[in-house]
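Student: I am new to this structure and would like a close look at a single part of it. Could you take me through how the helices towards the end of the chain pack, and then through whatever touches on that part?

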Amino acid sequence: MIYTVTFNPAIDYVVHHAQVVLGEVNRSSAEEIYFGGKGINVSAVLKELGFRSKALGFTAGFTGEAIEKGVAAMGVDADFVRLKNGSSRINVKINSAEETEINCQGPDIDSDALDELFDKLDKVGEGDLLVLAGSIPKSLPADIYERILARISGRGVKSAVDATGALLMNVLKYQPFLVKPNNFELGELFGVKLNSLTDIEKYARKLREMGARNVLVSMAGDGALLVDEFDQVHSCGVCKGKVVNSVGAGDSMVAGFIAGVLSQENSADSQPLDYSFALKLGTAAGGATAFSSGLAKKDLIDTLIKTL
Ligand SMILES: Nc1ncnc2c1ncn2[C@@H]1O[C@H](COP(=O)(O)OP(=O)(O)O)[C@@H](O)[C@H]1O
Ligand SMILES: O=P(O)(O)OC[C@H]1O[C@](O)(COP(=O)(O)O)[C@@H](O)[C@@H]1O
């Protein structure tokens with residue numbers, strides 16, 4: 001079973017406006033609402049690709065209820081811990097000449113709620129895959145992902161971590177199967193500005209040396225670079241299409257990559273893993289989301305992967 005954990009689910013409120021002017025009243029031309037947060041998005045795209053998962057995490061207040069209903073309507077199994085106080089966040093995504101995001105803090109998570117999540121995680125075992133994705137509310141310490149991986153260590157669980165800063169750095173010693181920073185996040189991890197593919201490869205390799213098994217660095221419209229667990233480097237450009245809304249492209253890439261790996265592991269022939277296929281499926285899923293108003297749908301992913 002695949003489990004995704006979203007500590008900080010969100011209603012993504014996408015606002016379309018030709019040009020936003022700070023300090024003035026701006027009126028949008030259209031709005032859309034999506035139910036997201038990184039782990040939830042990964043679960044939704046995995047479902048499109050034929051993989052069942054269970055979405056775990058925390059919800060609160062009326063926005064949390066809406067997220068629970070929205071996730072159920074997407075056909076994703078979920079088992080969220082309901083917080084007693086606060087409301088799940090509403091993240092504002094301004095779709096203008098450029099895309100601008102305001103990702104909010106989210107409700108505090110108390111120790112009882114955290115214990116409830118840990119109880120659920122005690123069911124995760126041999127052969128399962130656990131995805132820890134997204135930010136955490138400021139009430140939690142930056143070692144929380146590390147504590148989860150410590151707790152499941154030795155149980156034969158693969159993990160994928162999509163997070164930034166210390167939250168990501170702290171898990172490397174648990175040898176996560178996959179980490180997926182984007183190029184800016186990779187630079188921030190080491191306090192450097194990455195100006196070339198050579199730089200990106202150098203720092204992706206550093207994450208491998210520090211413990212990550214596969215390091216996938218996404219670069220939005222410039223594609224992605226993977227240093228795989230055999231220390232092989234793969235790069236992939238992007239699919240061609242008209243960008244509609246790239247919110248969730250990174251999460252879709254994570255889902256596509258995981259689906260690309262699992263589909264090979266589940267197949268009868270015992271060929272070594274073809275990581276370039278997993279990278280292509282991730283790229284097609286990321287592109288399909290960037291070219292859609294919501295998350296990627298299977299038909300478009302299937303069409304796009306044939307172009308890579
Ligand atoms: N403008 C785009 N055109 C085509 N593909 C894109 C575009 N933006 C994102 N993608 C695809 O989605 C992947 C992940 O996007 P990215 O923006 O790097 O992730 P994140 O949201 O995590 O920063 C990219 O590597 C690419 O394959
Ligand atoms: O938890 P964070 O880092 O604040 O990110 C949450 C936001 O990222 C998203 O999961 C989209 O992420 P990506 O664009 O990186 O794939 C949104 O659904 C959500 O609003």
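Tutor: What follows starts with one helix, moves to its partners, and then turns to some single residues elsewhere in the chain.

Please keep in mind throughout that this is a predicted model. A good place to begin is helix α10, which spans residues 298-305 and in which I301, L304 and I305 are buried. Around the helix axis these three cover an arc of only 95 degrees, which puts them on the same side of α10. The general background is that an α-helix has 3.6 residues a turn, so residues three or four places apart point the same way. As for what lies over the buried residues of α10, the cover includes α1 (38-48) and α9 (275-290).

The second of these, α9, deserves a closer look as a partner of α10. The two helices pack at an angle of about 125 degrees, and their axes are 8 Å apart. An angle over 145 would count as roughly antiparallel and one of 65 to 115 as roughly perpendicular, and α9 and α10 are therefore oblique to each other. Their crossing is right-handed. On the α9 side the meeting residues are K280, L281, A284, A285, G287 and A288, while α10 brings L300, I301, L304 and I305. Sorted by class, this contact of α9 with α10 has eight nonpolar residues, one polar and one charged. The residues I301, L304 and I305, named above as buried, thus appear again among those that α10 brings to α9.

Helix α9 also packs with helix α8, which covers residues 249-265; here the angle is about 150 degrees and the axes are 7 Å apart. The crossing of α8 and α9 is right-handed. Among the residues of α8 that make the contact are M253, F257 and V261, and among those of α9 are F277, L279, L281 and T283. By class, the contact of α8 with α9 has 14 nonpolar and eight polar residues, with no charged ones. L281, A284, A285 and A288 of α9 are listed in the contact with α8, and these residues are also listed where α9 meets α10.

A strand residue leads into this region as well. A224 lies in strand β12, and with 26 C-beta neighbours inside 10 Å it counts as buried. Leaving out residues up to four places away in sequence, A224 touches M253, L279, G282 and T283, together with L216, V217, S218, M219 and C236. Of these, M253 belongs to the α8 side of the contact just described, and L279, G282 and T283 belong to the α9 side. A224 and H234 are ten residues apart along the chain, and their C-alpha atoms are separated by 8.5 Å.

Just beyond β12 there is a backbone detail to notice. D231 lies in the loop between β12 (224-227) and β13 (233-236), and its phi is near 70 degrees, a positive value in a residue other than glycine. Most residues other than glycine have a negative phi. D231 has 9 C-beta neighbours inside 10 Å and counts as exposed. Another positive phi in a residue other than glycine, near 50 degrees, is that of Q175. This residue is found in the loop between α5 (165-169) and β10 (178-179), and Q175 is partly exposed, with 16 other C-beta atoms within 10 Å.

For a further helix pair, look at α6 (residues 183-190) and α7 (residues 197-209), which pack at an angle of about 60 degrees with their axes 10 Å apart. The crossing of α6 and α7 is left-handed. N183, L186 and F190 of α6 make the contact with I200, Y203, A204 and K206 of α7, and by class it has five nonpolar residues, one polar and one charged.

Finally, consider two residues from an earlier stretch of the chain. N95 has its place in strand β6 (residues 89-95), and with 25 C-beta neighbours inside 10 Å it counts as buried. Setting aside neighbours within four places in sequence, N95 is in contact with V14, V15, H16 and N245. S96 is found in the loop between β6 and β7 (99-102), where S96 counts as partly exposed with 15 C-beta neighbours inside 10 Å. Not counting residues up to four places away in sequence, S96 touches H17, A18, Q19 and V20. The C-alpha atoms of S96 and A278 are separated by 32 Å, and A278 is one of the α9 residues in the contact with α8.

Conventions: Residues numbered from 1 in each chain as written. Chains lettered and ligands numbered in written order. Predicted model: local features only at pLDDT ≥ 70, side-chain atom pairs only at ≥ 80, totals over all residues. Buried ≥ 20, exposed ≤ 12 C-beta atoms within 10 Å, placed from the backbone. Helix = DSSP H or I, 4+ residues; strand = E, 2+ residues; numbered from the N terminus. Arc of directions from axis to C-beta. Contact = placed C-beta atoms within 7 Å. Axes fitted to C-alpha atoms, helices over the stretch in contact; angles between N-to-C directions. Parallel < 35°, antiparallel > 145°, perpendicular 65-115°, else oblique. Left-handed = near helix turned anticlockwise from the far one by under 90°. Nonpolar A, V, L, I, M, F, W, Y, C, P; charged D, E, K, R; others polar.
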